[in-house]
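Work through the exercises below with the sequence and model at hand. Each task is followed by a solution in steps.

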Amino acid sequence: MTDLTIALDMMGGDNGPPVTIEAAVLAVKEFPYLKLILCGDSQTIRDGLDRYTDLPEQRLQILHTEQQVEMDERPSSALRNKQNSSMRRALELVEQGEADACVSAGNTGALLAMAYYVLKTLPGIDRPALISSLPTSGKQKVYLLDLGANVNSDSEILFQYAVMGSVMAEEVEGINRPRVGLLNVGEEQIKGNDQVKHTAQILSTVPSINYIGYVEGNDIFTGKADVVVTDGFVGNIALKACEGLGKLILGEVKRVSGKNLLTRMMARLALPILRKIYNRVNPDQYNGASLIGLRGIVVKSHGNASSEALLYAIKEAINEVNRQVPTKIKHKIETLLMERP
C-alpha cells in the first residue's frame, strides 16, 4: 500500500476538535501508511493531541488557520469571507496536490460552494453530486445520489449522476456492471414527470450503463439496484427519512427490551442477534457522503458524527484515493460521449 495524505478540516462539525482530533488519532493508528494534515487552530489541535501517547507525530502535520466556517453560515458568505478557514485550506491542499483527499464534517452548503470553486468539475460534468452507500437485504450496498448538492437537476444532470454512481459502485464496491435504477413514483413507463422520463430515454440508449428502469422508494433497500439516481431534493428527503427510521427502530428495541424483568431476560438471550442487526444498520458505518464529479476527492461527514463515525468518512476517502475514482469517472464520461447518439 502506497502512502497517501488526507487534509482534515479540524474545526468543522457540531462538536469540532474534540471529535476530529480523536478521529485523526484513530485513523493514523489503524492505517500505518496514512498521513493527515490537520487544518485548524494550531493551539487547539496541539492541546487536544497532548492527551494521547505514542502518537506517530511525523504523520500528523498541523496547518494553522485563523478562521473557521460556522455551521449556520451562509455558503456565499463563507466563500467570500473565509478564505483562511480550515475548510478552505483543506480543499486548497487537494487542489495543489499536497493532499490526496479532503474530509470535513463542516457546513454542507459552504463545503459544496468552496469545493466547486476551488477544485472545479471534471470535463463533461456540469455539477457535482453527493453520494453515499446504504445497506440492503443482500450482501452488497446500494449507492444513492444526489443527496442534496443540487435540489434542481435536469435530465442531463441526472444522466451524469448515473454515470458517476455506476463508477463508484464498480470501483469502490467491486460490482461488475452495476445495476442503475431511476427513482420514481412507480415502475410503469407512464409514471413520473418529464424530467424523469427524459432521463430514462437517455439511459436506455447507452449500452455501457446497465440501466434497469424505474425503482420505487421501497426498492432502495431490497438490493434490486446497485445505484439509485434522483435529484438532490428527493434524495436528501429519502436519506433523512431512512436515518430517522433507523434511529426509531434501534430506540424502540432498547425501550422494549428494558421494559420489565421478562423483556430484559429475553433481550439478554437475543443479545447476539440484536448486536448483529445493530452492526448491520448502524448509521456510523455509512457516514461519509462523497462529493463526486470534482477534480479531487472530497468526503462530507455528518456534522454530528462521533469520532468513530468520522473515522468511517476517512476510510471512504482512502478507498476513493486507492481506486482513483475521479480519474475513472473522467474516463467513463469520455467513453460515453462517443457512445451517445
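The exercises concern a sheet and the helices that pack on it.

The model is predicted, so local features need pLDDT of at least 70 and side-chain atom pairs count only at pLDDT 80 or more, while totals for chains, interfaces and linings use all residues. Residues are numbered from 1 along each chain as its sequence is written, and side-chain values use heavy atoms, leaving out hydrogens and water.

**Exercise 1.** Determine the strand order of the open sheet and its edge strands.

Solution. Take helices (H or I, at least four residues) and strands (E, at least two) as DSSP runs, numbered from the N terminus. Two strands pair if DSSP finds at least two bridges between them. The 11 strands then follow the order β3-β2-β1-β4-β11-β10-β5-β6-β9-β7-β8, and the pairing is mixed. β3 (60-64) and β8 (210-215) each pair on one side only, as edge strands.

**Exercise 2.** Describe how β1 joins β2.

Solution. β1 (residues 4-9) and β2 (residues 34-40) run parallel and share 6 bridges. Leu-8 has Leu-38 of β2 as its bridge partner.

**Exercise 3.** Place α1 against the sheet and find its buried residues.

Solution. Contact means heavy atoms within 4.5 Å. Angles run from 0 to 180 degrees between N-to-C directions, with axes fitted to C-alpha atoms, for helices over the stretch in contact. Helix α1 (residues 17-30) touches β1, β2 and β3, and its direction makes about 165° with that of β2. Next, apply the burial cut-offs: buried is under 20% relative accessible area (1.4 Å probe, protein chains only). Buried residues of α1 include Pro-17, Ile-21, Ala-24 and Val-28. The buried residues pack against β1, β2, α2 (42-49), β3 and α11 (307-323).

How values were computed. Buried < 20%, exposed > 50% of the residue type's maximum accessible area, 1.4 Å probe, protein only.
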